[in-house]
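The following exercises concern disulfides, nonpolar cores and helix packing. Each task is followed by a solution in steps.

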Amino acid sequence: MAFWSSSSHPLLGLLSLFLTFHFLTTTFAAAPVTTTSIRLGLIQKPSPDVPVFREAPAFRNGETCGSPSTNQIHVAMTLDANYLRGTMAAVLSILQHSTCSENVMFHFLWTRFEPKTFSSIKSTFPYLKFKVYRFNPRRVRGLISRSIRQALDQPLNYARIYLADIIPTYVKRIIYLDSDLVMVDDIAKLWAMDLGDKVLGAPEYCHANFTQYFTEVFWSDRSLSRTFEGRKPCYFNTGVMVVDVDKWRQGEYTKKVEKWMMVQKHKRIYHLGSLPPFLLVLAGNIKAVDHRWNQHGLGGDNIEGKCRSLNTGPISLLHWSGKGKPWLRLKKEMSVDWGVWKLKEEDDSLESKDVNGLSMPL
């Protein structure tokens, strides 16, 4: 199985996503079986909250990668059973496209200990280098204001604000990624970008109507709206960020973001969750990253006109930031009937299954 080239048309990435989920989520009632082409096995028993995944292959470094201990690429993501399908697809896509996959170190943040979720990560990616940290939801419960989407009000959605406080101090730079994306390029390219004197790098979207992210209460209050004076603020999506963790700590950016969250509790100055306080603190003062690194807005509502137009040119990352997550649809269409699904071996290959009208080999 291989993803499309990063220079291909972005819509072809949808096929790649279906193949990724089909590879990871296909389950079997039989005992572990070995064929001449791929290793298969049942990872864990069916669970109402944690899906079953097949073991991913071991991804190895290329000859020019250097030592994994001295050339690490640090990636942070949140970890939750409800979004585990998305996390699995994201991790697999990152490893598949990395020239130096053994150099990638994952830092997962969760709000509570979930043994089945941890076991699922460990069993699906037995060679993965990762650490798990607990984010205490009490840190934000008094700061979260109701937003227009319930999913945005979950404490774990705010964990990225406290990332620098949670991960080890030896980590000087980290890439933060949402759990609803698929990488179709080498993450080392994103890691190597020069932040200059900026604390954060992300794709900017200066054509977006920046005023819509804040309420009339904010714009009519001169003491609040003047926060953007001297800046040319542009919208950026916090689902893909390269962060200079040292600069974040030294500049006490966590406190700066929290300050605006406290203002929100007393005055309704924005409608969304953790994004607006990031914009208030950093918009107009970040390192702009090429748009290819975040084709966000996928999964929007086309009927209501909530879909973003596709970026022109090559795409390196596909981001389902809308409410329509593809794995939720696939979960319904690929629900497993343990009495029907059977492992078949024909000519050292597995029988194809039809998903969304596409006949795709496992």
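**Exercise 1. State how many disulfides the structure holds, and describe each link.**

Step 1. There are two disulfides, a disulfide being a pair of cysteine sulfur atoms within 2.5 Å. This is a predicted model, in which local features need pLDDT of at least 70 and side-chain atom pairs count only at pLDDT 80 or more, while totals for chains, interfaces and linings use all residues. Residues are numbered from 1 along each chain as its sequence is written, and side-chain values use heavy atoms, with hydrogens and water left out.

Step 2. C65 is joined to C100, with an S to S distance of 2.1 Å. C65 lies in the loop between strand 2 (39-40) and strand 3 (73-78), and C100 in the loop between helix 2 (84-97) and strand 4 (104-110), so the pair links distant parts of the chain, 35 residues apart. Helices (H or I, at least four residues) and strands (E, at least two) are DSSP runs, numbered from the N terminus. The torsion about the S-S bond of C65 and C100 is about -90°, and the disulfide is therefore left-handed.

Step 3. C206 is bonded to C234 at an S to S distance of 1.9 Å. The link of C206 and C234 is right-handed, with 100° about the S-S bond. C206 lies in the loop between strand 8 (200-205) and helix 7 (216-220), and C234 in the loop between helix 8 (222-225) and strand 9 (235-236), so the pair ties together parts 28 residues apart in sequence.

Step 4. With bonded cysteines counted along the chain, the pattern is 1-2, 3-4.

**Exercise 2. Determine whether C65, C100 and C234 are buried or exposed.**

Step 1. Buried means under 20% relative accessible area, exposed over 50%, and partly exposed in between (1.4 Å probe, protein chains only).

Step 2. C65 has 7% relative accessibility and so counts as buried. C100, at 17%, is buried, and C234 is buried at 9%.

**Exercise 3. Identify the residues with the most contacts inside the largest nonpolar core, and the elements that supply this core.**

Step 1. A nonpolar core is a set of buried Ala, Val, Leu, Ile, Met, Phe, Trp, Tyr and Cys residues joined through side-chain atoms within 4.5 Å. The largest has 50 residues, and those with the most contacts inside it are L200, F214, F236, W248, L279 and L282.

Step 2. Elements that each supply at least two residues include strand 8, strand 9, helix 9 (245-250), helix 10 (253-266) and helix 11 (275-282). Helix 11 gives the largest share, six residues.

Step 3. Leaving aside neighbours within four places in sequence, L200 is in contact (heavy atoms within 4.5 Å) with residues including F236, W248, F278 and L282.

**Exercise 4. Describe how helix 11 is covered and how helix 10 packs against it.**

Step 1. Eight of the eight residues of helix 11 are buried. Its cover includes strand 8, helix 7, strand 9, strand 10 (240-244), helix 9 and helix 10.

Step 2. Helix 10 and helix 11 pack at an angle of about 120°, with their axes 9 Å apart. Axes are lines fitted to C-alpha atoms, for helices over the stretch in contact, and angles run from 0 to 180 degrees between N-to-C directions.

Step 3. Angles under 35 degrees count as roughly parallel, over 145 as roughly antiparallel, 65 to 115 as roughly perpendicular and the rest as oblique. Helix 10 and helix 11 are therefore oblique to each other.

Step 4. Y253, K256, V257, W260 and M261 in helix 10 meet P277, L280, V281 and L282 in helix 11.
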